[in-house]
Every structure is written in structure tokens, then in C-alpha cells.
Amino acid sequence: MSSPVTPAWSPKPDAQIRPMHTADLPAYKGLRDAMLARHPEAFTSDYETELQRDADSYRGRLSGGNGGHCLFTLLAWVGPELVGAISCEHEARLKVRHVAHIVGMMVRDDLHGQGLGRQLLSRTLTLLRGEPVLELVTLSVTASNTAAVRLYERCGFQRHGRLPGAIRLADGRILDKDLMSLRLHS
């Protein structure tokens with residue numbers, strides 16, 4: 001008797017995606033600290049510096065936070081556990097207020113490859129497309145993070161540049177960042 005065939009994909013986790021609230025700040029800091037510690041190459045911020053911040057210091061990532069520069073932060077929850085996050089910012093300056101920026105995209109390691117990042121990104125793009133003033137969304141991603149680059153490309157982002165040597169890690173590695181963008185309306 002042959003063993004059952006295991007699918008090449010994992011089922012998507014049953015995640016609830018919603019905007020971050022003040023009560024979520026400690027969980028957000030915990031996830032962010034863990035991701036910074038495990039993946040220093042994926043973030044511009046460093047673990048040692050961010051570890052010193054308290055949870056309340058992330059209040060600027062709430063909707064309308066940081067003087068209105070943060071449009072929103074979406075959180076992905078599986079049951080009582082925070083497993084992913086994505087933030088979106090913009091500037092109010094007249095000449096660039098049509099541009100939004102995705103920052104701080106993260107998914108807990110044990111859920112990579114299960115579609116959670118795509119769910120977060122899709123929900124973000126839906127919200128951004130609902131903002132009449134927004135026309136363009138940008139992000140930067142470590143060029144060697146091929147899984148993230150592929151996700152962004154599958155969602156329509158195009159690389160428009162590379163910033164060589166954008167990140168210098170504590171171990172001496174120097175990494176490039178790809179600059180990507182997506183027109184929100186065709």
C-alpha cells in the first residue's frame with residue numbers, strides 16, 4: 001500500500017487580519033523584536049536598538065499616528081497569537097501625498113509559505129486603492145530576500161532600482177535593497 005501524497009503547499013492559516021489598536025502594542029513589539037533578532041538582514045532597524053524601545057513607542061504606527069504619517073498597521077492573528085504585521089505610511093506634503101510606503105512587513109517563521117504574507121499585502125493594497133488621493137505605493141526589500149521579492153512581484157510590484165550597500169550588518173555583511181513600486185490604479 002502506498003503512502004498518501006502530501007501536497008506541495010500548506011493550507012492557509014485561519015488568520016484574522018485587522019488594524020492595530022493600542023492594546024496590541026505589546027504583542028506587536030514582541031513579534032517585531034523576535035523578527036529583528038532572527039532576521040537582521042531583512043530589516044533596516046536593528047534588534048539591539050529596537051529592544052530598548054517600550055511597546056508604547058510604537059503608538060505612531062497606529063492609524064493616523066506619527067502626526068498622520070501612518071495610514072495604518074494591519075495585524076494578522078491566529079487565535080490569540082499575533083503572527084504577522086504590515087504598516088503603511090505616507091506624507092502630507094502636496095507634491096508627494098499621492099505616494100504611500102509599505103514598511104515593516106513580517107510573518108512569523110513557522111507560517112512562512114502558507115499565504116499569510118500575501119493575505120496581509122492584498123488587504124493592504126485593497127485599503128490603499130480605497131484612498132482617492134493615493135496613486136503609487138513603494139517599498140524597499142533586501143535584494144537577497146528572494147521569497148519576499150517574489151511575493152511583491154506576484155502582487156504587481158516592479159523593481160525600479162537598487163540601493164547598493166544599503167544595509168551593513170554587525171557581522172560585516174553589506175546588503176543591497178531593491179526599490180519597488182506599484183501603481184494603484186491602472
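**Exercise 1. Determine the accessible surface of the protein chain and the share of it that carbon and sulfur atoms supply.**

Solution. The protein chain exposes about 10500 Å², an area obtained by the Shrake-Rupley method with a 1.4 Å probe, where for residues only the protein chains shown count as cover. Carbon and sulfur atoms supply 53% of that area. The model is predicted: local features need pLDDT of at least 70, side-chain atom pairs count only at pLDDT 80 or more, and totals for chains, interfaces and linings use all residues. Residues are numbered from 1 along each chain as its sequence is written, and side-chain values use heavy atoms, with hydrogens and water left out.

**Exercise 2. Describe the order of elements and the overall dimensions of the protein chain.**

Solution. Step 1: the protein chain has 4 helices and 7 strands, taken as DSSP runs numbered from the N terminus (helices are H or I with at least four residues, strands E with at least two). Step 2: read from the N terminus, the order is β-α-α-β-β-β-α-β-α-β-β. The radius of gyration is 17 Å, close to the 16 Å that the globule rule gives for 186 residues, so the protein chain is as compact as a globular protein of that length. This radius is taken over C-alpha atoms, and the globule rule is 2.2 Å times the number of residues to the power 0.38. Step 3: the C-alpha trace spans about 70 × 45 × 35 Å along its principal axes. Step 4: of the 186 residues, 41% count as buried (buried is under 20% relative accessible area, exposed over 50%, partly exposed in between, with a 1.4 Å probe and protein chains only). Step 5: among contacts (heavy atoms within 4.5 Å) between residues at least 6 apart in sequence, 60% join residues at least 24 apart.

**Exercise 3. Characterise the largest pocket by its volume and its lining.**

Solution. Step 1: the largest pocket holds about 990 Å³ of space. On a 1 Å grid over the protein atoms alone, a pocket is an open set of points where a 1.4 Å probe fits, with protein on both sides within 12 Å along at least five of seven lines; a cavity is a set from which the probe cannot get out. Points are joined across faces, edges and corners, and a volume is the space filled by probe spheres set on them. Step 2: its lining comprises 39 residues, with M105, M106, N145, A148 and Y152 lying nearest the centre; a lining residue has an atom within 4 Å of a point. Step 3: helix 1 (25–38), strand 4 (99–107), helix 3 (116–129), strand 5 (136–142) and helix 4 (146–154) each give two or more residues, and strand 4 gives the most, with 7. Step 4: by class, the lining has 16 nonpolar, 15 polar and 8 charged residues. Here Ala, Val, Leu, Ile, Met, Phe, Trp, Tyr, Cys and Pro count as nonpolar, Asp, Glu, Lys and Arg as charged, and the others, Gly among them, as polar.

**Exercise 4. Repeat the analysis for the second largest pocket.**

Solution. Step 1: the space in this pocket amounts to about 260 Å³. Step 2: 15 residues line the pocket, and P40, D46, E48, L169 and A170 lie nearest its centre. Step 3: at least two lining residues come from each of helix 1, helix 2 (47–51) and strand 6 (158–168). Step 4: the lining divides into 8 nonpolar, 2 polar and 5 charged residues.

**Exercise 5. Is D33 buried or exposed, and which residues does D33 touch?**

Solution. Step 1: D33 belongs to helix 1. Step 2: D33 counts as buried because its relative accessibility is 10%. Step 3: setting aside residues up to four places away in sequence, D33 touches Y47, E50 and L51.

**Exercise 6. Establish the surroundings of I86 and L179.**

Solution. Step 1: I86 is in strand 3 (residues 81–90) and is buried, with 0% relative accessibility. Step 2: beyond four places in sequence, the contacts of I86 include F72, L74, I102, M105 and L120. Step 3: L179 lies in strand 7 (residues 174–183) and is partly exposed at 30% relative accessible area. Step 4: under the corresponding exclusion, L179 touches L139, S140, Q158, R159, H160 and G161. Step 5: I86 and L179 are 93 residues apart in sequence, and their C-alpha atoms are 17 Å apart.

**Exercise 7. Locate H185 and identify its contacts.**

Solution. Step 1: H185 is found in the segment after strand 7. Step 2: with a relative accessible area of 41%, H185 is partly exposed. Step 3: apart from neighbours within four places in sequence, H185 is in contact with R129, L134 and E135. Step 4: H185 and E135 are 50 residues apart along the chain, with 6.4 Å between their C-alpha atoms.
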